[in-house]
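Subject: Structure for you to look over

Hello,

Here is the structure I said I would pass on, with my notes on it below. Please read them with the model open.

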Amino acid sequence: MTRLVCFDVDSTLLEVESLDFALAERLGPEAREKLEAITNAGMGGTMSLRTSLAARLDLARLSRLDVARIAVALQRHLTPGMADLVANLKARGDAVAAVSGGFHDLLRLALRDLGFAEAMCRTNRFTWDGEAVSGFDASIPLSDNGGKAVVLRELAAASGASETVMVGDGITDLEAHEAGAAQRFIGFGGVVRRARVAERAPEFADTVADLRAALLP
Ligand SMILES: [Mg+2]
């Protein structure tokens, strides 16, 4: 009986929102305000995820060099304690996966450091116009609202899991559980505590220690 534990990445496995972290480095103060407004509209549900992604990528034309540099910088923003927790879950026999609306080229190194096998990392992908990011691959379900539920079901089928647990800070993580794609949901407030998630989540962990206790009783 395999248990599949799926982790959200931004503000869960990482102490930052990876795309905004990447863009903020490239933007002046005015554009940063705009970025924040777009991100909040996306998270608040007043803008679709795809519109929000496209608008954010349009704000700053990331180059291959930017992306490579930021991927390395993100390795210094792992949420403390998460790599140990992932190792302990694997030792117990759990399948572990990372599921993110963030981008493969930004997250690849950080997720490797956290102990995730490449095949168990499901993320969005940039499209490229020569040396610059031109947008995102819209064929990936994670670029759309409700995409996490689709991917969780695929991962559960591929790993033969009898139970799926979703861990995350965001409303999209909770919605994957509410859509029936994960039997358990543990809200995570160790980086950002989102009130709407804390209110609706059947289980909630304010720290990595709480999360460990919930997953490894
Ligand atoms: Mg998140």
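Helix 7 (residues 104–114) lies across strand 2 and strand 3, and its direction is at about 145 degrees to that of strand 2. Please keep in mind that this is a predicted model. The buried residues of helix 7 are Asp105, Leu106, Leu107, Ala110, Leu111 and Leu114. Just after helix 7 comes glycine 115, which has a positive phi of about 100 degrees.

The two strands under helix 7 are paired with each other: strand 2 (residues 95–103) and strand 3 run parallel and share three bridges. One residue pair to look for is alanine 98 with its bridge partner in strand 3, cysteine 121.

Both strands belong to an open sheet of six strands, in the order 3-2-1-6-7-8 and with parallel pairing. Strand 3 (121–124) and strand 8 (203–205) are the edge strands, each with pairing on one side only. From one strand to the next, the twist averages 20 degrees. Further along the sheet, strand 6 (residues 161–168) and strand 7 run parallel and are joined by four bridges. Valine 167 stands opposite isoleucine 186, which is in strand 7. Strand 7 (residues 184–188) is mostly covered, with four of its five residues buried.

There is also an antiparallel pair. Strand 4 (residues 126–129) and strand 5 (residues 132–136) run antiparallel and are joined by four bridges. Aspartate 129 stands opposite alanine 132 of strand 5. The two strands form a hairpin with two residues between them, and there glycine 130 takes a positive phi near 65 degrees.

Next, the helix pairs. How do helix 8 and helix 9 cross? The axes of helix 8 (residues 147–159) and helix 9 (residues 171–178) come within 8 Å and cross at roughly 55 degrees. That angle makes helix 8 oblique to helix 9. The crossing of helix 8 past helix 9 is right-handed. On the helix 8 side the residues that meet the partner are Lys148, Ala149 and Leu152, and on the helix 9 side they are Thr172, Asp173 and Ala176. By type, the residues of this contact between helix 8 and helix 9 are three nonpolar, one polar and two charged.

The other pair is helix 6 (residues 82–92) with helix 11 (residues 208–215), whose axes come within 10 Å and cross at roughly 10 degrees. Angles under 35 degrees count as roughly parallel, so helix 6 and helix 11 are roughly parallel to each other. Met82, Leu85 and Leu89 of helix 6 make the contact with Val208, Leu211, Arg212 and Leu215 of helix 11. The residues of the contact of helix 6 with helix 11 divide into six nonpolar, no polar and one charged.

Three single residues are worth finding in the model.

Leucine 155 lies in helix 8. It counts as buried because it has 20 C-beta neighbours inside 10 Å. Beyond its neighbours within four places in sequence, leucine 155 is in contact with Leu4, Cys6, Ala97 and Arg122. Leucine 155 and valine 96 are 59 residues apart in sequence, with their C-alpha atoms 9.6 Å apart in space.

Leucine 74 is in helix 5 (residues 64–74). Is leucine 74 buried or exposed? Leucine 74 is buried, since 24 other C-beta atoms lie within 10 Å. Apart from its neighbours within four places in sequence, its contacts are Leu14, Ser18, Phe21, Leu106, Leu107 and Ala110. Leu106, Leu107 and Ala110 are among the buried residues of helix 7. The C-alpha atoms of leucine 74 and phenylalanine 21 are separated by 8.5 Å, although the two residues are 53 residues apart along the chain.

Serine 11 is in helix 1 (residues 9–13). Most residues other than glycine have a negative phi. Serine 11, which is not a glycine, nevertheless has a positive phi of about 60 degrees. Serine 11 is also buried, with 21 other C-beta atoms within 10 Å.

Best regards

Terms used: Residues numbered from 1 in each chain as written. Predicted model: local features only at pLDDT ≥ 70, side-chain atom pairs only at ≥ 80, totals over all residues. Pairing = 2+ DSSP bridges. Axes fitted to C-alpha atoms, helices over the stretch in contact; angles between N-to-C directions. Contact = placed C-beta atoms within 7 Å. Buried ≥ 20, exposed ≤ 12 C-beta atoms within 10 Å, placed from the backbone. Parallel < 35°, antiparallel > 145°, perpendicular 65-115°, else oblique. Left-handed = near helix turned anticlockwise from the far one by under 90°. Nonpolar A, V, L, I, M, F, W, Y, C, P; charged D, E, K, R; others polar.
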